Amino acid sequence: MEHEGGRDCNATDGTSGNKHVQSLAQAFKAESDAKYHIVDIQTPLNAFMSGQYKRSNAYYTIRNHLPVILTRVLDSLTRDKNEIIAQFGENAREELKIVIGLISRLKYELQTDKPFQHFTGDEADREMWNNFIDHLPDDARTFYRSCWMHSECYLYRKLYSFVENSIFLKEFDYFRKAKEHALTRCQDAILALSKYTRRTENSMEMFSELLKLDLWSNRNDLSDDEEARLFNMKVLEDVMVTNEYIIVNNVADVWNCLSNKKTDRQYVDFVLDNAGYELFTDFILAEYMIENGLADKVRFHVKAHPWFVNDITARDFHWTLKFLSDHPDYIISLIGQKFVQFLKEGKFELATTSHFWTAPQAFHSMRNMELELYKTLQESKLIIFKGDLNYRGFIPSNLCALRTVKSEVICGLPGGVSEDLFKKDPQWMFTGNYGIIQFVDGSREFGY
């Protein structure tokens, strides 16, 4: 007999039933925590960020965010199946089924804290990844127990390997539409910024404004369409209102570094983060540096393959330039054509693609892993790192980190700032509401 309202037959109201469900949920959760060695604490100071710490952003990401990413990918593959087959050919139909199955298995492995698996295909960085996995401690090579950065990097690398090792879907990018939408949704801000920066003076005040605009564009990947549009326009109207949210501000040091004419290093390297409006603001900042004699060339570093949803690949870089130069608005089109011309003249340069930017190692490993990249960056007057993932290590050169804070990693805060922010908002390190413009003087730090 069916119980009325779906209640337990012994319950006179919903109270005891709800309590029973809650207690069962708590029991299952406790059992799951014990099974995956999860402890109900915040990340200990100076410990690796890990999904083992239940009150950490690492746990939230692995438990909630990454499964949603994979689910969205699966949904998009199912929804866009006919479009994908029309683009890549009928032979891609069976491969698509295989890829969907592999992603489903990866999602299961993520949710059940399975060990990282070797790469067994034709991946260009297969040996590097397999060596990395082999050298992880036995108790630190699963999704929850590994360092959070390792878990995320492994997931995105494994995800791409499924199409990389196919025959007909090799060029497929799971995130292409999302990255293109990240630009097309912000055309009002693109036009406003284009108009605002057509006449800019060579001064630290103007440079500071553009650097801050570039910083806050890094927040776009946290926002939905309307929120992103409103936020970008508000920052454009008065970037100075964001000053109180910049908790480390070394703009003057960055300006002094770029203004130094005594060095023969006149290249700036830009390690990019997100596609869309953020990339456009990166271009605007690079244009200012070129036109005001702060750099002879700006080299842009992109990811070797689709990565962390919004990260820029060479294909995204060129697509953005084409979108801008072909835009129906005359001003946007003109500035897009100018960027393309800069690329032809060598004032902008797309750096040789390196798999180091999609490796799980910290930057101190670069010298041993990618010596040519290391030497290239040593030649730089300034290296600008964008975003959270790039905020993970230093190399011997002057560098500037532009980042809105989205994880529990930060250094160089003035005394008492962290404590005050935790009092205001215990979640301040996850929200992207605070930013840093951090400068490191490589010549002083590394003695050359």
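Here are four short exercises, with worked solutions, on the predicted model above.

**Exercise 1: The nonpolar core**

Find out which residues of the largest nonpolar core touch the most other members, and which helix gives the largest share.

*Solution.*
- Step 1: Start with the whole core, which has 56 residues; F207 and M289 touch the most other members.
- Step 2: Look for the main contributor. Helix α12 (residues 277–291) supplies the largest share of this core, 10 residues.
- Step 3: Now zoom in on F207. Leaving out residues up to four places away in sequence, F207 touches V251, V254, W255, L258, L285, Y288, M289 and L294.
- Step 4: Look beyond this core. Another core of 49 residues lies apart from it, with F116, I133, C147 and F162 among its members.
- A general point to keep in mind: in soluble globular proteins, nonpolar side chains tend to be buried together.

**Exercise 2: An enclosed strand**

Work out why strand β7 counts as largely enclosed, and find the strands that pair with β7.

*Solution.*
- Step 1: Check burial, using the cut-off of under 20% relative accessible area. Six of the six residues of β7 (residues 435–440) are buried, so the strand is largely enclosed by the rest of the structure.
- Step 2: Sort the residues by direction. G435, I437 and F439 point one way from β7, while I436, Q438 and V440 point the other way, and all are buried.
- Step 3: Take strand β1 (residues 246–249), which pairs with β7 in the parallel sense over three bridges. Here N249 stands opposite I437.
- Step 4: Take strand β6 (residues 399–404), which runs antiparallel to β7 and is joined to it by six bridges. In this pairing, C400 has F439 as its bridge partner.

**Exercise 3: Empty space inside**

Describe the largest cavity and the residues that line it.

*Solution.*
- Step 1: Count first: the structure holds three cavities of 30 Å³ or more.
- Step 2: Give the volume. The largest cavity has about 50 Å³ of space.
- Step 3: Name the lining, which consists of T197, T200, L210, I284, E287, Y288, E291 and N292.
- Step 4: Sort the lining by class: three residues are nonpolar, three polar and two charged.
- Step 5: Find the main contributor. Helix α12 gives the most to this lining, with four residues.

**Exercise 4: One cysteine**

Is C257 buried or exposed, and which residues does C257 touch?

*Solution.*
- Step 1: Locate C257 in helix α11 (residues 251–259).
- Step 2: Compare with the cut-off of under 20%. C257 has 10% relative accessibility, so C257 counts as buried.
- Step 3: List the contacts. Not counting residues up to four places away in sequence, C257 touches K381, L382, N398 and F439.

Note on methods:
Residues numbered from 1 in each chain as written. Predicted model: local features only at pLDDT ≥ 70, side-chain atom pairs only at ≥ 80, totals over all residues. Heavy atoms only, no water. Core = buried A, V, L, I, M, F, W, Y, C linked by side-chain atoms within 4.5 Å. Buried < 20%, exposed > 50% of the residue type's maximum accessible area, 1.4 Å probe, protein only. Helix = DSSP H or I, 4+ residues; strand = E, 2+ residues; numbered from the N terminus. Contact = heavy atoms within 4.5 Å. Pairing = 2+ DSSP bridges. 1 Å grid on protein atoms, 1.4 Å probe; cavity = no way out; pocket = protein on both sides within 12 Å on 5 of 7 lines; lining within 4 Å. Points joined across faces, edges and corners; volume = space filled by probe spheres on them. Nonpolar A, V, L, I, M, F, W, Y, C, P; charged D, E, K, R; others polar.
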